[in-house]
Amino acid sequence: MNVRASNDENSARTPHGWRDALLAVLTGVLAMVVTAALGLWAAGAAGLPGGAFPAVVAAVVVMAAGGSVGLSGDAGSLVGTQADLSVLPLSVTLVGALLVARGFLRPLHHRAVAGGRELAGWAGRVAALWIVALVVLSLIARHTFTLSAEDLTGSETGDLLGSDPKIGFRAEIPLTLVFGLLWLAGVLVLALIVSRRAPLPARLLRFQEAVRPAAYAMVVLLLACVALGVLAGIIVMITRGHPAETAAVILLGLPNLVWLALTLGLGASWEGKVEGPFGLPMPQVLDTVLRTPDLSTLNLSTLAEQDGRVRWLVVVVAVLVLAAAFLMAARSPARTRLWQHAVHMAVALTLTVLFICLTARISAHYGLSLLGLGDLGGGLGGEVSLRAKLWTALGFAVLWGLVTGFLGGLAATRVHRRGEVVDPGPGSGSGPGSGSASDA
């Protein structure tokens, strides 16, 4: 009765919760816009013609939120254009996800249990405002550039175009709303799973002991990779120069690189191709390995052929994953067995690697063709693609998870954990199940 009365009092104190929902959405969207704008400015996009900078910023935020931005072109009746772009600027995605999740959880702290209807209503308010934000961004994310035909194709073929070709982009609102809502749902569900202070419906409380420590450890692992990437970027700026280019990578696509490196350190392989003037951001070794006529394999072996220091990546990844496994075990109930730690870590790491493989892949192509055949080139046509060999990556994740989960659980036996009873006195009434009451 006291808990229910307290919940009712909290609900009455913030009627409908629209103010909190607005704050959560606004902080997330504004942070994404600022991050994207700074990154694009560092990359030199502020000088785009026709006042395109705000539209490009909005397009990057739309893509970061899971939305869809389509490319289009018009080069005359004889010459066609082909263009596609599929990439997530994960730095912008990460900033938005962290702030939206924090705003979503803030009103729910200090609550033991929350009803499913209450959580659904609170999430629905956030989603409604998120839809409004996506629509506004999608309407801004559209622009058309007029290019010089002679510069694109040379004087001989430029005459075929008849007029200067145009290329443009625009957010596809229906797809953006669908995928943007899926993105938001993933963020909110993950926030509830990871946060120890977030309330859950009573029927789900029994799962939190197995799920929450593993989910929290994976989030810490991913954030630790990003922190190391930021540190490496600062060192590069100090020692090698190119501060603007490095800042652009940090602000737009740092997780794309460091999470890719995490999977490579686990033994995963990726395949891809780079051709034309487009390329991958730092480090240059990635571009070198992938810039071949055919599909190339990207793994530790092919990278080590270019730079032997890449092999140290295995050591760094081993330390990070072991630390995550220890953190998971230390936050788990003391009664959890070693084999359970191993299974939990294997499942969590496999899902994390799957997430990276799906979000860090890249596909971009642009070209001009004559009567639908060939590519006129001219220095603009190009292709960048990168995707994981999924089953190999997941297999290595399972193996690493089992081994590190066991070792992390073994190391955590020397650490006092939640629910552990230390040297209970005789007649105290403490039994084998006393730890679970503490954890709940």
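Is the crossing of α12 and α13 left-handed or right-handed? It is right-handed. The model examined here is predicted.

**The α12–α13 pair**

Helix α12 covers residues 312–331, and helix α13 covers residues 338–359. They pack with their axes 10 Å apart, at an angle of about 125 degrees. The two helices are therefore oblique to each other. On the α12 side, the contact involves V321, A324, A325, M328 and A329. Their partners in α13 are H341, H344, M345 and L349. Seven residues of this contact are nonpolar and two are polar. None is charged.

**Two helices, α2 and α4**

The table sets out the lengths of α2 and α4.

| Helix | Residues | Number of residues | End-to-end C-alpha distance | Expected at 1.5 Å a residue |
|---|---|---|---|---|
| α2 | 18–42 | 25 residues | 36 Å | 36 Å |
| α4 | 90–105 | 16 residues | 22 Å | 22 Å |

For α2, the reach from first C-alpha to last is close to the expected value. For α4, the distance between the end C-alpha atoms agrees with the expected span. Just after α2, G44 adopts a positive phi of about 95 degrees.

**Burial of α4**

How many of the 16 residues of α4 are buried? The count is 12, so the helix is largely enclosed by the rest of the structure. Early in α4, the buried residues include L90, S91, V92, T93 and L94. G96 and A97 are buried too, as are V100 and A101. G103, F104 and L105 complete the buried set.

How values were computed: Residues numbered from 1 in each chain as written. Predicted model: local features only at pLDDT ≥ 70, side-chain atom pairs only at ≥ 80, totals over all residues. Heavy atoms only, no water. Helix = DSSP H or I, 4+ residues; strand = E, 2+ residues; numbered from the N terminus. Expected span 1.5 Å × (residues − 1). Buried < 20%, exposed > 50% of the residue type's maximum accessible area, 1.4 Å probe, protein only. Axes fitted to C-alpha atoms, helices over the stretch in contact; angles between N-to-C directions. Parallel < 35°, antiparallel > 145°, perpendicular 65-115°, else oblique. Left-handed = near helix turned anticlockwise from the far one by under 90°. Contact = heavy atoms within 4.5 Å. Nonpolar A, V, L, I, M, F, W, Y, C, P; charged D, E, K, R; others polar.
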